[in-house]
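User: I would like to learn how to read the features of a protein model in order. Please give the general idea each time, and then the case at hand.

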Amino acid sequence: MSVKSNLPVLMAAQKIKGVTELMELSGLSRNAINRVYDDRDEKINTTSLKTLIALCDSLNCSLSDLIEYVPEQKKSDGQ
């Protein structure tokens, strides 16, 4: 399973200068935001839905705007 974070893109589009500013807007900790911002599957996979919803509320976006599922390529036999 692969999940892609669009948090840096959303922050840039809304002129949010950094994690500290997003912390103030969302009330979330730096670690909670960095788990999503970092864009590594193992970190995003451990992020709570509550954190994702808080980010969506702060950024006025939907969950599908914030993160997206990227299906893995299926390997075909013999090719």
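**Reading a predicted model**

Analyst: Let us begin with one residue: Thr51 is buried, with a relative accessible area of 8%. This is a predicted model. Thr51 belongs to helix 5, and beyond its neighbours within four places in sequence it is in contact with Leu28 and Ala32.

User: Why does Thr51 count as buried?

Analyst: A residue is called buried when its relative accessible area is under 20%. Thr51 has 8%, so it counts as buried.

User: Which secondary structure elements does the protein chain contain, and in what pattern do they follow one another?

Analyst: One counts the elements, then reads them along the sequence. The protein chain has 6 helices and 2 strands, arranged as β-α-α-α-α-α-α-β.

User: What do the totals for burial, contacts and surface say about the protein chain?

Analyst: Each total answers a separate question. Of the 79 residues in the protein chain, 32% are buried. Among contacts between residues at least 6 apart in sequence, 60% join residues at least 24 apart. The exposed area of the chain is about 5500 Å², with carbon and sulfur atoms supplying 51% of it.

User: Which residues of helix 5 are buried, and against which elements do they pack?

Analyst: For a helix, one lists the buried residues and then asks what they touch. Helix 5 spans residues 49-59, and its buried residues are Thr51, Leu52, Ala54, Leu55, Cys56 and Leu59. They pack against helix 1 (7-13), helix 2 (19-26), helix 3 (30-37), helix 6 (63-66) and strand 2 (67-70).

User: Is Ile53, in helix 5, buried, partly exposed or exposed?

Analyst: Ile53 is partly exposed, at a relative accessible area of 44%. Together with Leu49 and Leu63, Ile53 forms a nonpolar patch on the surface, and the three have about 260 Å² of accessible area together.

User: Where around the axis of helix 3 do its buried residues fall?

Analyst: The method is to look down the helix axis and find the arc that the buried residues occupy. In helix 3 the buried residues are Ala32, Ile33 and Val36. They fall within an arc of 95 degrees, so they line one face of the helix.

User: Which polar contacts does the side chain of Ser5 make?

Analyst: One first places the residue, then looks for partners of its polar atoms. Ser5 lies in strand 1 (residues 2-5) and is buried, with a relative accessible area of 6%. Its side chain reaches the backbone nitrogen of Leu7 at 3.2 Å. A polar atom of the Ser5 side chain also lies 2.8 Å from the backbone oxygen of Val36. Val36 is one of the buried residues of helix 3.

User: Where does Thr47 lie, and which residues does it touch?

Analyst: A loop residue can be read in the same way, by its place, its accessibility and its contacts. Thr47 sits in the loop between helix 4 (41-44) and helix 5, and it counts as buried at 11% relative accessibility. Not counting residues up to four places away in sequence, Thr47 touches Arg35, Val36 and Leu52. The C-alpha atoms of Thr47 and Arg35 are separated by 6.6 Å, although the two residues are 12 apart along the chain.

User: What links Val70 to residues at the other end of the pattern?

Analyst: Here one compares separation along the chain with separation in space. Val70 is found in strand 2 and is partly exposed, with a relative accessible area of 31%. Val70 and Ser2 are 68 residues apart along the chain, and their C-alpha atoms are separated by 5.2 Å. Leaving aside neighbours within four places in sequence, Val70 is in contact with Ser2 and Lys4.

User: Why does a positive phi deserve a note?

Analyst: Most residues other than glycine have a negative phi, so a positive value is worth noting. Lys15, in the loop between helix 1 and helix 2, has a positive phi near 60 degrees and counts as exposed at 67% relative accessibility. Asn60 has a positive phi of about 55 degrees although it is not a glycine. Asn60 follows helix 5, in the loop between helix 5 and helix 6, and is exposed, with a relative accessible area of 74%.

Conventions:
Residues are numbered from 1 along each chain as its sequence is written. This is a predicted model: local features need pLDDT of at least 70, side-chain atom pairs count only at pLDDT 80 or more; totals for chains, interfaces and linings use all residues. Side-chain values use heavy atoms; hydrogens and water are left out. Helices (H or I, at least four residues) and strands (E, at least two) are DSSP runs, numbered from the N terminus. Buried means under 20% relative accessible area, exposed over 50%, partly exposed in between (1.4 Å probe, protein chains only). Contact means heavy atoms within 4.5 Å. Accessible areas come from the Shrake-Rupley method with a 1.4 Å probe; for residues, only the protein chains shown count as cover. A polar contact is a pair of N or O atoms within 3.5 Å; within protein, one must be able to donate a hydrogen and the other to accept it, and residues adjacent in sequence count only if both atoms are side-chain atoms. The arc is that of the directions from the helix axis to the C-beta atoms. Patches are made of residues with over 30% relative accessible area and no salt bridge: like charges are joined within 9 Å, nonpolar side chains (Val, Leu, Ile, Met, Phe, Trp, Tyr) within 5 Å. A salt bridge is a side-chain nitrogen of Lys or Arg within 4 Å of a carboxyl oxygen of Asp or Glu.
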